[in-house]
Amino acid sequence: MILVQPLDASPGRRSTKDQHLQLHRLRARKRIESRFYFLRSVIRGAVLVEDPDNYGDYLIWDVVDDDMFLRIKSMYPDR
């Protein structure tokens, strides 16, 4: 079993730093919305890095492998 906390795209405009560095930011939902799942039901995951300057914000680490990089590019084609 794993505990999964849902994340959404961060609301509002992207900061200039995020745009220049091509960072993709996610924001955590409330912990009360977390759910338990069986690990074998997870199809894909992503490596996230917590932003130390903004509590509850995470950055997608898309350089882990080629597949992750291409999936992020297809999710955010305009960036």
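Partly exposed, as used here, describes a residue whose relative accessible area falls between the buried range, under 20%, and the exposed range, over 50%. Keep that in mind for aspartate 8: its relative accessible area is 32%, so this residue counts as partly exposed. One more thing before you start clicking: this is a predicted model.

**Stop 1: the whole chain**

Show the cartoon. You should find two helices and six strands, and walking along the sequence gives you β-β-α-β-β-β-β-α. Now switch on the surface. The protein chain exposes about 6,600 Å², with carbon and sulfur atoms supplying 56% of that. Of the 79 residues, 20% are buried. If you count contacts with a separation of 6 or more, 53% of them are between residues 24 or more positions apart.

**Stop 2: methionine 1**

Select methionine 1, in the segment before strand 1 (2-4). Is this residue buried or exposed? Its relative accessibility is 62%, so methionine 1 counts as exposed. Which residues does methionine 1 touch once you ignore its neighbours within four places in sequence? Light up Phe36, Tyr37 and Phe38, and you have them. For a distance check, draw a line between the C-alpha atoms of methionine 1 and phenylalanine 36: they are 35 residues apart along the chain, but the separation is 6.4 Å.

**Stop 3: across the strands**

Next, pick strand 2 and strand 3. They run antiparallel, joined by three bridges. Click alanine 9 and look across to its bridge partner in strand 3, leucine 26. Stay on leucine 26, then look for tyrosine 58 in strand 6, which stands opposite. Strand 3 and strand 6 are antiparallel too, and three bridges join them.

**Stop 4: arginine 29 and aspartate 8**

Time for side chains. Opposite charges can pair up when the charged atoms of the side chains come close. How many salt bridges does a search of the whole structure find? The count is six.

Start with arginine 29 and aspartate 8, whose side chains meet in a salt bridge at 2.8 Å, N to O. This pair links distant parts of the chain, 21 residues apart: arginine 29 is in the loop between strand 3 (25-28) and strand 4 (35-37), while aspartate 8 is in strand 2 (residues 7-9). Arginine 29 has a relative accessible area of 35%, so it is partly exposed, and aspartate 8, at 32%, is partly exposed as well.

**Stop 5: arginine 25 and its partners**

Now select arginine 25 and aspartate 51. Their side chains form a salt bridge at 2.5 Å, N to O. Arginine 25 sits in strand 3 and aspartate 51 in the loop between strand 5 (48-50) and strand 6 (57-60), so the salt bridge ties together parts 26 residues apart in sequence. Arginine 25 is buried, with a relative accessible area of 16%. Aspartate 51 is buried too, with 9%.

Keep arginine 25 selected and add aspartate 57. Here the closest N and O atoms of the salt bridge are 3.5 Å apart. Because aspartate 57 is in strand 6 and arginine 25 in strand 3, this pair ties together parts that are 32 residues apart in sequence. Aspartate 57 has a relative accessible area of 2%, which means it is buried.

To finish, select Asp18, Arg25, Arg27, Asp51 and Asp57 together: salt bridges that share partners join these residues into one network.

Key: Residues are numbered from 1 along each chain as its sequence is written. This is a predicted model: local features need pLDDT of at least 70, side-chain atom pairs count only at pLDDT 80 or more; totals for chains, interfaces and linings use all residues. Side-chain values use heavy atoms; hydrogens and water are left out. Helices (H or I, at least four residues) and strands (E, at least two) are DSSP runs, numbered from the N terminus. Buried means under 20% relative accessible area, exposed over 50%, partly exposed in between (1.4 Å probe, protein chains only). Contact means heavy atoms within 4.5 Å. A salt bridge is a side-chain nitrogen of Lys or Arg within 4 Å of a carboxyl oxygen of Asp or Glu. Accessible areas come from the Shrake-Rupley method with a 1.4 Å probe; for residues, only the protein chains shown count as cover. Two strands pair if DSSP finds at least two bridges between them.
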